[in-house]
Amino acid sequence: MTDLQIYCEHKPSPAKLDVLGVEDWAVWKKEPSTFPWRYDRAETCYVVRGRFHVTPAGGETQTFSRGDLITFPAGMECTWEVVDPVEKHYRFD
């Protein structure tokens, strides 16, 4: 599954976040922990606070934090490691 890539935009403009309607998306919070995850649908999220690592199955670990707008592809299996408590807005596409 090497064709499944995570896309991240660091510090998107407030105008872009407004156009996407990020403030109206659901909110997810998580304390430090490590867990496996599989994306059945693509997810776009905006990190409000915290820091975490995501390691796709067979892939390289990526680190995300406050101000990141991230898209996780449908079908990706990964391991999440929440380092600092996370709060993010998210939507499934």
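**Exercise 1. Find the residue in strand 7 that stands opposite Val27, then list the strands that pair with strand 7.**

Solution. Val27 stands opposite His89 in strand 7. Strands here are DSSP runs (E, at least two residues), numbered from the N terminus. This is a predicted model, in which local features need pLDDT of at least 70 and side-chain atom pairs count only at pLDDT 80 or more, while totals for chains, interfaces and linings use all residues. Residues are numbered from 1 along each chain as its sequence is written, and side-chain values use heavy atoms, with hydrogens and water left out.

Step 1. Two strands pair if DSSP finds at least two bridges between them. Strand 2 (residues 26-30) runs antiparallel to strand 7, joined to it by 5 bridges.

Step 2. Strand 3 (residues 33-38) is also antiparallel to strand 7, over 6 bridges. Within this pairing, Ser33 has Val82 as its bridge partner.

Step 3. Strand 4 pairs with strand 7 in the antiparallel sense over 12 bridges. Here Arg51 is matched with Asp84.

**Exercise 2. Describe the largest nonpolar core and state which strands supply it.**

Solution. Step 1. A nonpolar core is a set of buried Ala, Val, Leu, Ile, Met, Phe, Trp, Tyr and Cys residues joined through side-chain atoms within 4.5 Å. Buried means under 20% relative accessible area, exposed over 50%, and partly exposed in between (1.4 Å probe, protein chains only).

Step 2. The largest such core has 15 residues, and Phe52, Val54, Ile70, Phe72 and Trp80 have the most contacts inside it. At least two of its residues come from each of strand 4 (43-56), strand 6 (68-72) and strand 7 (77-92).

Step 3. Another core, of 5 residues, lies apart from it and includes Val22, Trp25, Tyr46 and Leu69.

Step 4. Take Phe52 as an example, counting contacts as heavy atoms within 4.5 Å. Beyond its neighbours within four places in sequence, Phe52 touches residues including Val47, Phe64, Ile70, Phe72, Trp80 and Val86.

**Exercise 3. Classify the ring pairs that Phe72 forms with Tyr39 and with Trp80.**

Solution. Step 1. Rings of Phe, Tyr and Trp (its six-membered ring) pair if their centres lie within 6.5 Å; planes under 30 degrees apart count as stacked, over 60 as edge-to-face and the rest as tilted. By this rule there are 11 aromatic pairs.

Step 2. The ring centres of Tyr39 and Phe72 are 4.9 Å apart and the planes are at 10°, so this pair is stacked. It links distant parts of the chain: Tyr39 is in the loop between strand 3 and strand 4, and Phe72 is in strand 6, 33 residues apart. Tyr39 is buried at 1% relative accessible area, and Phe72 is buried at 0%.

Step 3. For Phe72 and Trp80 the centres are 5.9 Å apart and the planes at 45°, so this pair is tilted. Trp80 is buried, at 2% relative accessibility.

Step 4. Tyr39, Phe72 and Trp80 are among the members of one aromatic cluster, which also includes Trp28, Phe35 and Phe52.

**Exercise 4. Explain why Cys45 is in no disulfide.**

Solution. Step 1. A disulfide is a pair of cysteine sulfur atoms within 2.5 Å. The whole structure has 0 disulfides.

Step 2. The closest cysteine sulfur to that of Cys45 is in Cys8, 8.5 Å away, so the distance is too far for a bond. Cys45 is buried, with a relative accessible area of 0%.

Step 3. Cys78 is likewise in no disulfide, with the nearest cysteine sulfur, that of Cys45, 11 Å away.

Conventions. Helix = DSSP H or I, 4+ residues; strand = E, 2+ residues; numbered from the N terminus.
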